[in-house]
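Grab a pencil and work through a few exercises on the model shown here. Each one has a task and then a solution you can follow step by step.

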Amino acid sequence: MSLRKSSTVENKNKIACGWQGLMLNLGAVLGSLCILMTAMTLIFGFKPLIFASGSMAPEIPTGSFGLAVTTPVSELDPGQVVSVVAADQMRVTHRILENTPLGLILKGDANTVADLQPYAVESADRLLFSVPNLGYVIG
């Protein structure tokens with residue numbers, strides 16, 4: 001007399017193994033992306049940004065992930081999106097309205113008026129691209 005598992009138990013085991021494999025593969029892909037992003041940050045000077053507010057919506061919604069590269073102010077033009085550290089040590093990522101001798105005048109796309117003070121910085125992190133919702137996954 002032989003004992004065999006029922007087909008129902010075998011099917012449940014196959015499904016469980018399938019989900020485990022999928023989750024392991026997903027974890028491996030996400031881990032590899034983190035390693036790749038870290039390497040790019042160190043080698044090329046890219047800075048990862050996660051957008052925590054909606055001031056750049058609708059083009060860059062809350063929860064977006066972006067990559068930026070440090071750029072001298074003399075190479076920045078109106079219309080580009082940059083990230084700077086304000087006097088209160090908070091990071092602000094907005095679009096350049098004007099590049100003046102007093103500093104960068106920035107405005108969030110969703111804001112009705114420009115930021116109150118120009119940002120007197122020597123360089124800013126210029127946004128290369130952004131991906132909506134990826135910041136939620138990475139964060």
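**Exercise 1: the aromatic pair**

Is Phe 46 buried or exposed? Work that out, then classify the ring pair that Phe 46 forms with Phe 44.

*Solution.* Keep in mind that this is a predicted model.
- Step one: Phe 46 has a relative accessible area of 18%. Buried means under 20%, so Phe 46 is buried.
- Step two: check the partner. Phe 44 comes out at 54% relative accessible area, and since exposed means over 50%, Phe 44 is exposed.
- Step three: count the pairs. The ring rule gives one aromatic pair. Its members are Phe 44 and Phe 46, with ring centres 5.8 Å apart and planes at 35°.
- Step four: name the geometry. Stacked needs planes under 30 degrees apart and edge-to-face needs over 60, so at 35° the Phe 44 and Phe 46 pair is tilted.

**Exercise 2: the fold in outline**

Write down the order of the elements from the N terminus on.

*Solution.*
- Step one: tally the elements. The protein chain has two helices and six strands.
- Step two: put them in order, which gives α-β-β-β-β-β-β-α.
- Step three: add the burial figure. Of the chain's 139 residues, 27% count as buried.
- Step four: look at contacts with a separation of 6 or more. Residues 24 or more positions apart account for 52% of them.

**Exercise 3: the nonpolar cores**

Which strands each supply at least two residues of the largest nonpolar core?

*Solution.*
- Step one: list the members. The largest core has eleven residues: Val 73, Leu 76, Val 82, Val 84, Ala 86, Val 92, Ile 96, Leu 104, Leu 106, Tyr 119 and Ala 124.
- Step two: map them to strands. β3 (81–85), β4 (91–100) and β5 (103–107) each supply at least two of these residues.
- Step three: zoom in on one member. Setting aside neighbours within four places in sequence, Ala 86 touches Val 92 and Tyr 119.
- Step four: don't stop at one core. There's a second, separate one of seven residues, and its members include Leu 49, Phe 51, Ile 60 and Val 81.

**Exercise 4: two pockets**

Which element gives the most to the lining of the largest pocket? Do the second largest pocket in the same way.

*Solution.*
- Step one: the largest pocket has a volume of about 280 Å³. Its lining includes Leu 30, Leu 33, Met 37, Phe 65 and Ile 138.
- Step two: α1 (7–44) and α2 (134–138) each supply at least two lining residues here. α1 gives the most, with six.
- Step three: sort by character. This lining divides into nine nonpolar, two polar and no charged residues.
- Step four: move on. The second largest pocket has a volume of about 210 Å³, and among its lining residues are Leu 49, Phe 51, Ser 83, Arg 91 and His 94.
- Step five: β1 (46–50) and β4 each supply at least two residues to that lining. β4 gives the most, with four.
- Step six: sort again. The second lining has six nonpolar, five polar and one charged.

**Exercise 5: backbone oddities in the loops**

Where does Gln 89 lie? Look at its backbone, then do the same for Asn 133 and Pro 58.

*Solution.*
- Step one: Gln 89 sits in the loop between β3 and β4. Its phi is positive, about 70°, although Gln 89 is not a glycine. At 62% relative accessibility, Gln 89 counts as exposed.
- Step two: Asn 133 also has a positive phi of about 70° without being a glycine. You'll find Asn 133 in the loop between β6 (123–131) and α2, and at 45% relative accessible area Asn 133 is partly exposed.
- Step three: Pro 58 is in the loop between β1 and β2 (65–72). The peptide bond leading from Ala 57 to Pro 58 is cis, with omega near 5°.

**Exercise 6: a serine in a loop**

Which residues is Ser 64 in contact with, leaving aside its neighbours within four places in sequence?

*Solution.*
- Step one: place Ser 64 in the loop between β1 and β2.
- Step two: check accessibility. At 0%, Ser 64 counts as buried.
- Step three: list the contacts, which are Leu 49, Ile 50, Phe 51, Val 131, Pro 132, Asn 133 and Gly 135.
- Step four: pick out Val 131. Ser 64 and Val 131 are 67 residues apart along the chain, yet their C-alpha atoms are separated by 5.4 Å.

Conventions:
Residues numbered from 1 in each chain as written. Predicted model: local features only at pLDDT ≥ 70, side-chain atom pairs only at ≥ 80, totals over all residues. Heavy atoms only, no water. Phe/Tyr/Trp six-rings, centres within 6.5 Å; stacked < 30°, edge-to-face > 60°. Buried < 20%, exposed > 50% of the residue type's maximum accessible area, 1.4 Å probe, protein only. Core = buried A, V, L, I, M, F, W, Y, C linked by side-chain atoms within 4.5 Å. Contact = heavy atoms within 4.5 Å. 1 Å grid on protein atoms, 1.4 Å probe; cavity = no way out; pocket = protein on both sides within 12 Å on 5 of 7 lines; lining within 4 Å. Points joined across faces, edges and corners; volume = space filled by probe spheres on them. Nonpolar A, V, L, I, M, F, W, Y, C, P; charged D, E, K, R; others polar.
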